[in-house]
Amino acid sequence: MSFNTLGLSEKVLAAVDAAGYKDPTAIQAGAIPQVLERRDVLGIAQTGTGKTASFTLPMLTLLEKGRARARMPRTLILEPTRELAAQVQENFERYGTNHKLNVALLIGGVSFAEQDKKLDRGTDVLIATPGRLLDHFERGKLLLQGVEILVIDEADRMLDMGFIPDIERICKLIPFTRQTLFFSATMPPEIQRLTETFLQNPARIEVAPTSSTAENVTQQLKAAGGKDYDKRVALRELLEGAEDLQNAIVFCNRKRDISTLFRSLERHEYNVGALHGDMDQRTRMMMLENFRKGAIKLLVASDVAARGLDIPEVSHVFHYDVPINAEDYVHRIGRTGRAGRSGTAYTLVTESDQKYLRAIEELTNQSIEWVGESIDFEAAAAERKAKRRSSKTSKADSSNDNDAAQSKPAPKKRGQSRRKTEEPAPESPVEETRPTNRVQKISQKPANKPQKQDNNAPAFSEGVHIPAFLLRDPRAKKAS
Ligand code: AMP
């Protein structure tokens, strides 16, 4: 199928041509004609499928007729994160080069005054995160009665982030006569319910979920001890041993681990940056930009970075944690091995990760090889069980018997002594004291000071600067 048969305008086709796209992707072929027919669309597709162009291209075609009025945007696109919102804006700029449309972005971290000015001029396309949109609405600076097309993108991500009540509110503020385009990678029951409430007889276009991982990505597992310290050591071993490492994303499941790992890698003199949802907008954008242009080689990130962000050419992906959601594994490793290049994905696995690892291997229908020694999960589980039993027995013994001799600790089991010898003796003092001092030193100042100071500082410089978000994270003080 060719783009020419989908009903897109000449101007849009010229932009598609300039972008170098030959054929529409499955979601584009399915959605574009439906959007142009003014039908509601339910697109079940994830990032990487060409989903963004499946709504931006027909929207541009439709927007060629009509004009924007002050404070009354003609179309509204809701995105869960600022990065995704910024990316959609870039798409409008790229595909809309032949149009004279006003595109505005309403995201946190940007001044209200600047955004108000844009709204006053009249916007054809308003791209927003739900919270910021409602802030503007409540300040009376925005009228939603003129919205003809509403796009809800990454709905399942919105659900994860607790935005569904905001989305419901926004949907009720927009005229019933609007056209709604709704995209989600998965369809959990809450999302299903939302589509039943807010979509009218939608055309359903489903693109097969990405359950397969690219063949050109080498995947390997590495056993690590359960303690954070053990994992950092194992990660550094992988980093040292990795062949042809040009740039990499290190994914963590928890935000607080991102701060700790970032500082640790920085201390070990890696060229590293960090990216997660709590960072201020300016720092996030700079981090991403620095990573894109190669000024940062390693990016420690949460799944915010895995979904949606168009980060080109990552040679390696490291999972500091086994992802809890198997689909996230596929998303994460989708950052490497793009466009036929080869890539490598390593996953650190601890004794308690069996369930998550199994889910990944089932989803991707493969068995992932271990680099170095593998974990014998059955033996580890038996050992844990025996340890629990022995600690119960020794507790019962000591409470039943007053004889001091009897209450001596039970002889050490194999697992216990091993754990003892694996304590992070040599490195932990360095890891412990230096970041704590830095954080304490600055956190003694008034709350607004470090933030201001850090926002003005470069977002990244090797080994010197800690981004503001690390200093503001109260848990960062507990860094190990
Ligand atoms: P998306 O799923 O919207 O994030 O798009 C993923 C990537 O695919 C982006 O880098 C787009 O520029 C690219 N892309 C979108 N549509 C096409 C197409 N028809 N042919 C080739 N690349 C495309």
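**The ligand and its surroundings, and the setting of Tyr95**

In this predicted model, the ligand sits among 14 residues, and the closest of them are Tyr21, Gln28, Gly48, Gly50 and Thr52. Sorted by class, that shell comes out as three nonpolar, seven polar and four charged residues.

A few atom pairs show how the protein and the ligand meet. Gln28 takes part through its side chain: an N or O atom there is 2.7 Å from a nitrogen atom of the ligand. With Thr49, it's the backbone that takes part, as one of its N or O atoms lies 3.1 Å from a ligand oxygen atom. Lys51 also brings in a backbone N or O atom, this one 3.2 Å from an oxygen atom of the ligand. As for cover, the ligand on its own has 500 Å² of accessible area, and the protein covers 74% of that.

Tyr21, one of the closest residues to the ligand, also turns up in the surroundings of Tyr95. The side chains of Tyr95 and Tyr21 make a polar contact at 2.9 Å. Tyr95 itself belongs to helix 4, which runs over residues 82–95. Tyr95 counts as buried because its relative accessible area is just 2%, and the cut-off for buried is under 20%.

So who are the neighbours of Tyr95? Leaving aside residues up to four places away in sequence, Tyr95 touches Ala15, Ala19, Tyr21, Ala53, Thr56, Leu57 and Leu60. There's also a link across the chain to Val12: Val12 and Tyr95 are 83 residues apart in sequence, yet 6.5 Å separates their C-alpha atoms.

Terms used:
Residues are numbered from 1 along each chain as its sequence is written. This is a predicted model: local features need pLDDT of at least 70, side-chain atom pairs count only at pLDDT 80 or more; totals for chains, interfaces and linings use all residues. Side-chain values use heavy atoms; hydrogens and water are left out. A residue is near a molecule or strand if one of its heavy atoms lies within 4 Å of it. A polar contact is a pair of N or O atoms within 3.5 Å; within protein, one must be able to donate a hydrogen and the other to accept it, and residues adjacent in sequence count only if both atoms are side-chain atoms. Accessible areas come from the Shrake-Rupley method with a 1.4 Å probe; for residues, only the protein chains shown count as cover. Ala, Val, Leu, Ile, Met, Phe, Trp, Tyr, Cys and Pro count as nonpolar, Asp, Glu, Lys and Arg as charged, and the others, Gly among them, as polar. Helices (H or I, at least four residues) and strands (E, at least two) are DSSP runs, numbered from the N terminus. Buried means under 20% relative accessible area, exposed over 50%, partly exposed in between (1.4 Å probe, protein chains only). Contact means heavy atoms within 4.5 Å.
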